[in-house]
Amino acid sequence: MDKAKKILKDIVDRKHPRFLGERKLTEEMKHRWEEDLADGQDDGLTPEDFEVDFVKFDYGMKTKNPIDEMRFYKKRTPTVANRLPEHQKSVFHPTCFSEWLIRVYYKNTDEDSVDKAYHRMALWCDTKHADLK
């Protein structure tokens, strides 16, 4: 019961992990983010201070185009579902239908270390993965 009270008190007091940002991510970056984020900094932050979520967006179809699987109805034949002909598809559709995002949170709540964590995240993005902004 004490643990539940502490969790509720932390929520009310807004003592929760701070969202530092998110970036697109490649498959090899997914495995080495921790070393990259902690690399070469002497500001007292450790990889354990960060909470990282990997999020995959893929329309539930991996790398396939979801429009290719959709069926559309016409006014004249409302009971028959048809695929969209190729000439009616937009030429502006994306070519990539699956991507990974990394979302980084900082666990501590004191303002000084949160500022350091924001700086560390910005530095990591700028130096290691500038092409992924």
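How much accessible surface does the protein chain have, and what percentage of it belongs to carbon and sulfur atoms? The total comes to about 10,000 Å², and carbon and sulfur atoms account for 54% of it. These values, like those that follow, come from a predicted model. Of the 133 residues in the protein chain, 26% count as buried.

A word on confidence is useful before turning to the details. The mean pLDDT of the protein chain is 78, and 83% of the residues score at least 70. Confidence is highest in strand 4 (residues 81–82), with a mean of 89, and lowest in helix 2 (residues 27–38), where the mean is 65.

The protein chain contains three helices and five strands. Followed along the sequence, these elements appear in the pattern α-β-α-β-β-β-β-α. Contacts between residues at least 6 apart in sequence are mostly long-range, as 79% of them join residues at least 24 apart.

At the start of this pattern, helix 1 (residues 2–12) is hardly covered: none of its eleven residues is buried. After helix 1 comes R14, which has a positive phi, near 60°.

The picture changes in the interior. The largest nonpolar core comprises 13 residues, and those with the most contacts inside it are L20, F50, I102, V104, Y106, A117 and M121. At least two residues of this core come from each of strand 1 (18–25), strand 2, strand 5 (99–106) and helix 3 (111–128). Helix 3 provides the largest share, with five residues.

Y106, one of the core residues with the most contacts, gives a handy view of the surroundings. Beyond its neighbours within four places in sequence, Y106 is in contact with P17, R18, L20, L45, D49, F50, S113, V114 and A117. Among these partners, L20, F50 and A117 are also listed with the most contacts inside the core.

The contact between Y106 and D49 leads to a charged residue that deserves a closer look. D49 lies in the loop between helix 2 and strand 2 (50–57). Is D49 buried or exposed? D49 is buried, yet this residue has no salt bridge. The nearest side chain of opposite charge belongs to K107, 7.1 Å away, whereas a salt bridge calls for a side-chain nitrogen within 4 Å of a carboxyl oxygen. Leaving out residues up to four places away in sequence, D49 touches G44, Y105, Y106, K107 and N108. K107 is thus among the residues that D49 touches, although the two form no salt bridge.

Key
Residues numbered from 1 in each chain as written. Predicted model: local features only at pLDDT ≥ 70, side-chain atom pairs only at ≥ 80, totals over all residues. Heavy atoms only, no water. Buried < 20%, exposed > 50% of the residue type's maximum accessible area, 1.4 Å probe, protein only. Helix = DSSP H or I, 4+ residues; strand = E, 2+ residues; numbered from the N terminus. pLDDT = per-residue confidence, 0-100. Lys, Arg positive; Asp, Glu negative; His and termini not counted. Contact = heavy atoms within 4.5 Å. Areas by Shrake-Rupley, 256 points an atom, 1.4 Å probe, with all protein chains shown as cover. Core = buried A, V, L, I, M, F, W, Y, C linked by side-chain atoms within 4.5 Å.
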